[in-house]
Amino acid sequence: MSSSKIDFAHGQTDPAWSGSEPLGLKLESFVPTRLHHPPPGTVPEDTLPDGVQRPKLFEHLDLPHSKLRLKNRAVVSPMCQYSANNGHLTPYHLAHLGSFALHGAGTIMVEASGVTAAGRITPQDAGIYTDEHIASHASIVSSLKTFTEGLTVGLQLAHAGRKASTWSPFYRGEHKHAEYVTKEEGGWPDEVVGPSALAYGEGWLKAKELSNQEVKDVVKQFVEGARRAFKAGYDFVEIHSAHGYLLHSFLSPLSNHRTDEYGGSFENRTRLLHEIISAINSEFPNKSIWVRVSGTDFAENAGKGESWTLEETKKLASSLAKTGMVDVLDCSAGGLVSFQQIKPAPGYQRHLAAGVSKLGIPKSELTVMSVGMLEGATPEQPGSLAEEVLQSGDADLIALARGFLGNPAWVTFAGANLMGVKPAGSPQYHRSHPHKKSEDPHRPIPRAQNNN
Ligand SMILES: Cc1cc2nc3c(=O)[nH]c(=O)nc-3n(C[C@H](O)[C@H](O)[C@H](O)COP(=O)(O)O)c2cc1C
């Protein structure tokens, strides 16, 4: 690839690049360093200090249907990096995701990846919309798994719906139409679709209403995305049905005004999501399916009519549990409408996972993940809030996005805070912080560290 073809200043990608050139880095050249070391992010029984209970954050979790084992309860939440080239992941993604893997995250979810080219949020989004995309995803998954044991890696399957063809945060605001990318700029404004001909907000593109047949095609697009993801080696797929993207916009009465079998009643608005889950499960019955929803539109009090609320999320959770196909319900929130009312603060979305968890659905049917500023009630206490959420039963898993961005070694810091010792880590990072300040830096390494 000639990098001179890429206009880095404007975030344009090189249409000729296939993403499959050898990097010169060979997986088989990796020198395994882990002999006799426990997997990063785990706490072997004999390394727990006397009198210290194992934090829930460091318990493994076996998922209900796939039986996939997650080595701890800390999940890297999917994060668009706007750094893909025509949907292909790049070495950037390995550096970005590798840092979380090396430092003991139990599970990494790779960013929202478009199941169609027009289903990407921005031209720099990751994609899984052709068989050619499998290669770069497979490289990332196999690399991560080569240098960290016990890591589970998933892919978030996405369709941006009426929020497609927009600028990434790096370029928004520099353009005449800050709300969308024109055709001349590499966007696809004519292919922006939704359940109804409505826009996200003022200045945004009005979606083209999908025909009944086109809705059915969306099911196939997600199944194809799942097929490619599993071929690339992912352990699970998460269906992105949150943040105002296509599937969320079918769920909410604010964005779905359809009169066919995909609009109107709760059953009709949730039909597309159910059809996608069933179709993926019927092709891949042993594979793990996760679903991300916005637990609320945060628009109940906006005076704009019926919205998607926690009550509907709870109903959806019960119906998903009944299918026996979904391992994890990932409870995020918002993103559907420009008039949402959110007050971000530590644990600001916790009540949504808690509401679902309180339904008492057996863990053998569905597990629940919470996300939203869970890195710590204060910066000095990494892991304390996450542990409290898990201990209270509000969630079975904790996802962090910005917390991991700010501190890829968050799991290590959380372990040190919760147990007084570091969990196992990668041997190459043996001498990393946190250390106890009072200790001699050349001291013999305590047992829990000795195991990493
Ligand atoms: C840089 C960035 C990119 C994100 N991209 C995605 C994404 O691809 N898919 C998704 O569902 N959420 C995405 N999110 C939302 C996060 O996954 C997460 O739900 C949200 O940031 C709240 O968690 P936090 O407080 O731990 O950051 C993104 C967030 C950030 C900060």
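In which sense do strand β4 and β6 pair, and over how many bridges? Keep that in mind while you get your bearings; this is a predicted model.

**The whole chain**

Start zoomed out, with everything in cartoon. You should be able to pick out 12 helices and 13 strands. The radius of gyration is 22 Å, close to the 22 Å that the globule rule gives for 452 residues, so the protein is as compact as a globular protein of that length. Turn it along its principal axes and the C-alpha trace spans about 70 × 55 × 40 Å. Colour by burial next: 51% of the 452 residues count as buried. If you draw contacts with a separation of 6 or more, 75% of them come from residues 24 or more positions apart.

**Into the sheet: β6**

Now select residues 152-158, which is strand β6. Here 7 of the 7 residues are buried, so the strand is largely enclosed by the rest of the structure. Show the side chains and check both faces: Thr152, Gly154, Gln156 and Ala158 lie on one side, Val153, Leu155 and Leu157 on the other, and all are buried.

Add residues 107-114 to the selection to answer the opening question: this is β4, and it pairs with β6 in the parallel sense over 6 bridges. Click Val110 and look across to β6, where its bridge partner is Leu155.

Stay on Leu155 and bring in residues 236-241, strand β9, which pairs with β6 in the parallel sense over 4 bridges. In β9, the bridge partner of Leu155 is Val237. So much for the neighbours of β6.

**Over to helix α11**

Jump to residues 410-419. Helix α11 has 9 of its 10 residues buried, so it too is largely enclosed by the rest of the structure. The buried ones are Trp410, Val411, Thr412, Phe413, Ala414, Gly415, Ala416, Leu418 and Met419.

What covers them? Show β3 (74-76), α9 (384-392), β13 (397-400) and α10 (402-406), which are among the elements doing so. Then step just past the helix to Gly420, whose phi is positive, near 85 degrees.

**Last stop: the ligand**

Finish by selecting the ligand and its shell. There are 19 residues around the ligand, and the closest are Ser77, Met79, Ala112, Ala401 and Arg402. Two elements from earlier turn up again here: β4 and α10 each supply at least two residues of the shell. Colour the shell by class and you get 9 nonpolar, 7 polar and 3 charged residues.

Technical notes. Residues numbered from 1 in each chain as written. Predicted model: local features only at pLDDT ≥ 70, side-chain atom pairs only at ≥ 80, totals over all residues. Buried ≥ 20, exposed ≤ 12 C-beta atoms within 10 Å, placed from the backbone. Pairing = 2+ DSSP bridges. Rg over C-alpha atoms; globule rule 2.2 N^0.38 Å. Contact = placed C-beta atoms within 7 Å. Near = placed C-beta within 6 Å. Nonpolar A, V, L, I, M, F, W, Y, C, P; charged D, E, K, R; others polar.
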